[in-house]
Amino acid sequence: MTETCRTQPFDGQRPGTSGLRKPVKTFMQPRYLENFVQSVFDCVEGLRGATLALGGDGRYYNREAIQTILRLAAGNGVARVIVGRGGLFSTPAVSALIRQRQAIGGLILSASHNPGGPAGDFGIKFNSANGGPATEALTEAIYARSRTIDRYCIAPACHIDIDTLGEQTLAGMTVEVIDPVEDYARLMESLFDFERIRGLFRGGFRMRFDAMHAITGPYAHTIFERMLGAPAGTVIHGTPLADFGGGHPDPNLTHAAELVRQLGRPEGPDFGAASDGDGDRNMIMGHGCFVTPSDSLAILAANATRVPAYRDGLRGVARSMPTSRAVDRVAHKLDIPCYETPTGWKFFGNLLDAGRITLCGEESFGTGSDHVREKDGLWAVLFWLNLLAVRGQSVAEIVNEHWLRFGRDVYTRHDYEGIDSDAAGTLMARLRDRLSTLIGQTIGRHAVSGADDFAYTDPVDGSHAAAQGVRLLLGDEARIVYRLSGTGTQGATLRLYIERLETRREYLQADAQKQLADLIALAGEIADIRGLTGRDAPDVIT
Ligand code: VG1
Ligand code: CO
């Protein structure tokens with residue numbers, strides 16, 4: 001029944017920070033998707049007879065890709081594929097499902113926060129049996145396979161109904177269509193004190209959740225409005241659209257502008273949150289106040305024992321290298337280990353599996369715990385709601401108390417998007433060349449106390465990742481980090497991360513851009529950003 005089709009390799013099927021991302025047009029070329037998925041299947045041990053999870057964030061080409069992948073799975077002897085109704089699943093829900101159903105892994109169709117639609121991006125990511133993103137070793141093997149592939153195995157063309165719950169058969173394989181929300185919502189209910197959060201809403205607490213016309217809409221309607229009793233209208237942009245309503249499903253101050261406006265009004269809501277295309281990111285806001293993701297991680301860690309799932313305390317925490325060092329201070333106080341990993345959730349997997357950490361996060365609006373192996377947007381929002389309900393204070397009060405206790409790691413990230421790839425390469429190469437000469441120098445008012453290209457050796461399996469970004473440590477308190485994005489699809493994106501510890505009471509509330517102005521200027525000069533990229537200012541500031 002299965003057909004073996006001849007094919008030739010495509011260039012560039014190397015997964016980046018989080019899966020393979022390309023313009024939709026690239027993915028829609030004949031055999032492109034087939035080649036990549038077959039390369040994945042060729043590298044996953046034990047696939048034959050196993051169960052797979054499959055779903056995406058609903059972006060353009062999601063439904064067509066699901067039909068093709070189902071046929072490929074059948075052609076490769078997979079026994080069962082669990083698909084979210086309508087082809088929908090958030091990234092954290094897939095991670096949870098793989099674990100619950102002991103699947104061999106899952107395929108997530110998303111380009112996360114990248115825009116969708118016919119002119120936008122598409123993406124595909126393989127998660128392994130622990131529910132987490134494929135390790136570097138596996139993604140490299142997949143890439144190597146994609147360069148020599150000469151055939152793929154596929155069941156004959158047919159149409160599987162992915163909109164009706166229940167089981168169907170495709171060339172001997174079972175396709176099980178399930179509600180994408182139900183199991184995930186139950187998992188959240190097992191972690192947090194829903195009764196207490198219900199009490200918060202009964203007391204008139206007002207929240208706005210911006211699903212950005214992406215995957216979290218159905219999850220948020222069910223969890224916030226149905227299960228927790230938040231009034232209708234709490235969730236905005238709650239219907240997933242193939243092009244995200246023309247928006248950019250990236251929860252930050254630039255792209256979630258309407259939410260930011262609402263929270264800034266005098267009569268605005270008490271709490272605001274947003275998530276991205278595939279539901280793994282979160283943005284947290286209070287009335288007139290924005291919580292940086294790095295601070296959010298630190299605050300959740302410091303308050304973890306106040307919510308049911310973490311009542312017994314944390315085993316350890318981890319953050320990606322460019323994430324501010326706020327959580328390090330909390331770990332120090334709690335006397336628990338704190339790990340610093342390269343950018344990308346795949347690097348947390350071993351630490352979580354080995355029980356070395358309970359919470360982890362990234363500055364890029366990613367926070368999560370050992371309940372799954374992905375960052376989890378709605379989980380973070382529920383954690384904050386639980387905290388607000390228990391503490392009975394506003395977001396701003398909680399943040400301010402945290403800063404008074406630990407100091408504030410004033411933080412910003414500047415992104416220069418779509419710059420010339422060669423210029424970006426030169427900029428990083430020049431920085432790397434100068435590392436050893438920078439140490440000990442005084443730049444501006446700052447003595448360079450350390451300079452390196454971040455490398456990481458996984459303490460669990462000993463695997464090594466080099467060239468993960470250039471770090472300049474200035475004295476004890478300040479840090480500048482440069483790295484190139486691994487998720488973009490046009491040219492290169494330079495990310496510049498800047499932070500400085502502030503402990504002076506009277507400066508705790510000051511504007512981050514102003515507080516960091518001298519470091520921002522210095523970072524630009526050191527790397528000659530203007531000279532090499534021709535840009536005067538970043539495209540996005542978070
Ligand atoms: C970005 C973020 C990184 C995150 C990755 C995937 O990667 O910086 O922290 O893990 O996106 O997030 P990069 O290489 O572009 O900096 V998601 O929501 O797209 O899965
Ligand atoms: Co995402």
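The following is a conversation about a predicted model of a protein chain with a ligand.

Visitor: Let's start broad: how many helices and strands does the protein chain have?

Guide: In this predicted model, the protein chain has 18 helices and 27 strands. Its radius of gyration is 23 Å, close to the 24 Å that the globule rule gives for 542 residues, so the chain is as compact as a globular protein of that length.

Visitor: And what does the C-alpha trace span along its principal axes?

Guide: The C-alpha trace of the protein chain spans about 70 × 60 × 40 Å along those axes. As for burial, 51% of the 542 residues count as buried.

Visitor: What does the UniProt annotation cover?

Guide: According to the UniProt record, an unreviewed entry, the annotation "domain: Alpha-D-phosphohexomutase alpha/beta/alpha" covers residues 13-150, 183-285 and 294-405. In the model, residues 13-150 are 37% helix and 22% strand, with end C-alpha atoms that are 14 Å apart. Residues 183-285 are 37% helix and 13% strand, and the end C-alpha atoms of that span lie 27 Å apart.

Visitor: Let's pick one strand, β5. Is β5 mostly covered or uncovered?

Guide: Strand β5, which is made of residues 105-109, is mostly covered, since five of its five residues are buried. Gly105, Leu107 and Leu109 point one way from the strand, while Gly106 and Ile108 point the other way, and all are buried.

Visitor: Why would they point in two directions?

Guide: That is the general pattern, because in a regular strand the side chains alternate between the two faces of the sheet.

Visitor: Which strands does β5 pair with?

Guide: Strand β3, residues 51-56, runs parallel to β5 and is joined to it by five bridges, with Gly56 of β3 standing opposite Leu109 in β5. Strand β6, residues 121-127, runs antiparallel to β5 and is joined to it by four bridges, and there the bridge partner of Gly106 is Asn127 in β6.

Visitor: Now β9. Which of its side chains are buried?

Guide: The side chains alternate along β9, so to read the strand one takes the two faces in turn: Met173, Val175 and Val177 point to one face and are buried, while Thr174, Glu176 and Ile178 point to the other and are not buried.

Visitor: What are the bridge partners around there?

Guide: Strand β4, residues 80-88, pairs with β9 in the parallel sense over five bridges, and the bridge partner of Arg80 is Thr174 in β9. Strand β8 runs antiparallel to β9, again with five bridges joining the two, and the bridge partner of Leu170 is Met173 in β9.

Visitor: What sits between β8 and β9?

Guide: Ala171 has its place in the loop between β8 (166-170) and β9 (173-178). The hairpin of these strands has two residues between them, and Ala171 takes a positive phi near 45° there, although Ala171 is not a glycine.

Visitor: Why does Ala171 count as partly exposed?

Guide: Ala171 has 16 C-beta neighbours inside 10 Å, which is why it counts as partly exposed; a residue needs 20 or more to be called buried.

Visitor: Where is Met212, and what is its phi?

Guide: Met212 is found in the loop between β10 (207-210) and α8 (216-227). Its phi is near 55°, a positive value in a residue other than glycine. With 31 C-beta neighbours inside 10 Å, Met212 counts as buried.

Visitor: Changing topic, which four strands form the open sheet?

Guide: The strands of that open sheet stand in the order β16-β15-β17-β18, and their pairing is mixed. At the edges are β16 (338-341) and β18 (366-369), each with a single partner strand, so one side of each is left without a neighbour in the sheet. Neighbouring strands of this sheet are turned by 15° against each other on average, with direction ignored.

Visitor: And how does β18 pair with β17?

Guide: Strand β17, residues 359-362, pairs with β18 in the antiparallel sense over four bridges, and the bridge partner of Gly361 is Thr367 in β18.

Visitor: Last one: how many residues surround ligand 1?

Guide: Ligand 1 is surrounded by 18 residues, of which the closest are Thr17, Ser112, Ser485, Gly486 and Thr487. The shell around ligand 1 divides into one nonpolar, twelve polar and five charged residues.

How values were computed:
Residues are numbered from 1 along each chain as its sequence is written. Chains are lettered from A and ligands numbered from 1 in the order in which they are written. This is a predicted model: local features need pLDDT of at least 70, side-chain atom pairs count only at pLDDT 80 or more; totals for chains, interfaces and linings use all residues. A residue is buried if 20 or more other C-beta atoms lie within 10 Å of its own, exposed if 12 or fewer, and partly exposed in between; C-beta atoms are placed from the backbone. Two strands pair if DSSP finds at least two bridges between them. A residue is near a molecule or strand if its C-beta atom, placed from the backbone, lies within 6 Å of it. Ala, Val, Leu, Ile, Met, Phe, Trp, Tyr, Cys and Pro count as nonpolar, Asp, Glu, Lys and Arg as charged, and the others, Gly among them, as polar. UniProt positions are given in the numbering used here, feature names are shortened, and annotations may be inferred rather than shown by experiment. Axes are lines fitted to C-alpha atoms, for helices over the stretch in contact, and angles run from 0 to 180 degrees between N-to-C directions. The radius of gyration is taken over C-alpha atoms; the globule rule is 2.2 Å times the number of residues to the power 0.38.
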